[in-house]
Protein chains: 2
Amino acid sequence: MSESQTTYIRPTAQPRREASESRFIQACKRQKPDRTPIWLMRQAGRFMPEFRDIRSRVSFLELCKNSELACEVTVMAVDMLDVDAAIIFADILLPIDALGLGLEYVKGEGPLIHNPIRLATDVAALKPIDVGQSLGYVYKSIELTARALPKHIPLIGFAGAPFTLASYMIEAGGSKTFDKTKSFMYSEPEAWHLLMKKIVDISAQYLNFQVDAGADALQLFDSWVGCLSPTDYERFVLPHTKALIELVSGRVPVIHFGTGTATLLKLMAQAGGDVIGLDWRVNLAEAWLNLGFDKAVQGNLDPTVLLGTREELKLQVARIMKEAASRPGHIFNLGHGVLPMTSPDQVKFLVETVRNSEAAQ
Amino acid sequence: MSESQTTYIRPTAQPRREASESRFIQACKRQKPDRTPIWLMRQAGRFMPEFRDIRSRVSFLELCKNSELACEVTVMAVDMLDVDAAIIFADILLPIDALGLGLEYVKGEGPLIHNPIRLATDVAALKPIDVGQSLGYVYKSIELTARALPKHIPLIGFAGAPFTLASYMIEAGGSKTFDKTKSFMYSEPEAWHLLMKKIVDISAQYLNFQVDAGADALQLFDSWVGCLSPTDYERFVLPHTKALIELVSGRVPVIHFGTGTATLLKLMAQAGGDVIGLDWRVNLAEAWLNLGFDKAVQGNLDPTVLLGTREELKLQVARIMKEAASRPGHIFNLGHGVLPMTSPDQVKFLVETVRNSEAAQ
């Protein structure tokens, strides 16, 4: 990799003081903010008619690569929902595109990878990439968005965690059973560890460069890691995720997120992160106690609750707020992304409900 | 329902003494068998060339409804794999077919339900069925199989648990997010509870009639219940599953199975069952301690381990046997069904490995 090819690696962006002292960042650091911050995974997404409008004109990948549009949808979500943090519009699979594995988003079917990793030789053949060049558009999106956002709204950068990225590379897309991924892991352990190391190397560059561009926090999405047993997580994933988090820590808070992770939470905390993501399958109070109060927590509301009545929504918000017990370090979020069929009014109502529930305490 | 229409309700089958004293049944009752029993979910399935042969001639539903063939594949699996229990060849969705909701198995896509439950009025319109008539072929399959099996091999009957059946009825098939099911549950709680009650009523008849036919144990498959939060399980599922288990208990041992249930295990034990199913996401020793040793446990091996090396397989079997610590009430099984791409030799090797690991102790 030659520095001269790098398109967007520039001196670190000017820190945005107000954003870095926002209630979201305070909660990440387990300081006590004025109230519980809330943002939502996929808050800029298909549930919003305005987003579908834009998507009717450009493909998903085009939208990710068009920094002006990515900035527009990122800021739009914050304006419309009045949430406490923005997350840059991008996708965890973009490094797979940058690696030349032939990423395509097939309408109605999700991502498809045309040149998946199937053999040890495929791993050996994976070449390092110049993140600044091949993912420079994400740098530009973050730079533009950090300028366009209200001063007090922090911007979250993100990447897929090593296991989740590896699983997409091997499965050639999504999976129910992750049979190809696990069979590779069990049959070719050396190639597996090499693949994870290569992903860590790229992801560390990618995440650090998002901070350079102006990201105020980072989230690592290990969305599918919950398919693993605790011992397999420990053997095949933990050392790599830990290495990655070490390589990006100390600059901005790091959120370590997964789903279906009830039995992995302590190991995920060992791998690192200032904030640990919780899905709805755990009781927030028990999970936090189990993790230790030296970690902040984020999540816990089942995204499908947004499809039910307002009464049910209020009940579930009240439960989560009660379980969090006003302890410093609680960030309200869903356990996974907003579902496409969700009504925008219901999402707005959730944001209001979280605020009102606190005013009422 | 008129008794005269009943095709297969006959006096209870003659108990098979040897089967009812087999090591599998002893383990269900937390007695100490001569060695740890093993059987595998989907042990009669697509991974076997002989099964694919039969399936090339008849559809899946035809195979379920042809008692002679269902008996043949059930017995064949026991003969070929030398496992300690048989499970009747059938499907958890057969009562959905019996209810007239238009069940179809679409090649490569899984089950499709043509007339799903979407409205409260759909629930109200669900009519009771004569289980003896509409599912009489399952009675006949069990009766034939109980006669055809070696005397010492117990036969397991089964049904889908209320939540999992309801989810299929509402989603019209499988789902990743169970958004329609949960949205129905949250928006139409009364209709939800009525639906669950109707399912309990049918399932209790269906399971008791399997015991009448000669089943030596029963397994309740709550395969997808792990998508729920513990509080939602408690509110929307537990009372119904508990009612069902009460209605079928006391005759033969009941196995209560689910996947992704790490945080639901104690509640599932409260709902009932002599044996609780464990998937691979939990540590067996911790899960059993948490459940209490007054329950037997079954499962824990990740089905994908059968896709790896024999070395890896031996390692994982040894771990499970060590965690079970020769405590009475451990049934070796996978955490979910054998995957179709599994090699039959590897499955046989697993059965041998479990036996040898004990001989070596």
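This passage walks through a predicted model, from its two chains down to a sheet and a pair of helices.

The two chains make a good starting point. Two copies of a chain are related by a rotation about an axis and a shift along it. Here, turning chain A by 180°, with 0.0 Å of shift along the axis, lays it on chain B with an RMSD of 0.0 Å. That is what a two-fold axis does. The two copies also use the same surface to meet, since 100% of the contact residues of chain A turn up again in chain B.

Next comes the sheet in chain B. Seven strands line up in the order E1-E4-E5-E6-E7-E8-E9, paired in parallel, and the sheet is open. Strand E1 (86–87) and strand E9 (330–334) of chain B sit at the edges with a single partner strand each, so one side of each has no neighbour in the sheet. Further in, strand E6 (residues 254–258) of chain B runs parallel to strand E7 (residues 275–278) of chain B, and two bridges join them. Across this pair, Ile255(B) faces Val275(B) in E7(B).

Chain B also offers a helix pair to look at. Helix H10 (residues 162–171) of chain B packs against helix H11 (residues 179–187) of chain B, with the axes 8 Å apart and an angle of about 105° between them. Angles of 65 to 115 degrees count as roughly perpendicular, and H10(B) and H11(B) therefore fit that description. On the H10(B) side, the residues involved are Ala166(B), Ser167(B), Ile170(B) and Glu171(B); they meet Lys180(B), Thr181(B) and Phe184(B) of H11(B). Sorted by class, this contact holds three nonpolar, two polar and two charged residues.

Technical notes:
Residues are numbered from 1 along each chain as its sequence is written. Chains are lettered from A and ligands numbered from 1 in the order in which they are written. This is a predicted model: local features need pLDDT of at least 70, side-chain atom pairs count only at pLDDT 80 or more; totals for chains, interfaces and linings use all residues. Axes are lines fitted to C-alpha atoms, for helices over the stretch in contact, and angles run from 0 to 180 degrees between N-to-C directions. Helices (H or I, at least four residues) and strands (E, at least two) are DSSP runs, numbered from the N terminus. Angles under 35 degrees count as roughly parallel, over 145 as roughly antiparallel, 65 to 115 as roughly perpendicular and the rest as oblique. Two residues are in contact if their C-beta atoms, placed from the backbone, lie within 7 Å. Ala, Val, Leu, Ile, Met, Phe, Trp, Tyr, Cys and Pro count as nonpolar, Asp, Glu, Lys and Arg as charged, and the others, Gly among them, as polar. Copies are superposed by least squares on the C-alpha atoms of residues with pLDDT of at least 70 in both. Two strands pair if DSSP finds at least two bridges between them.
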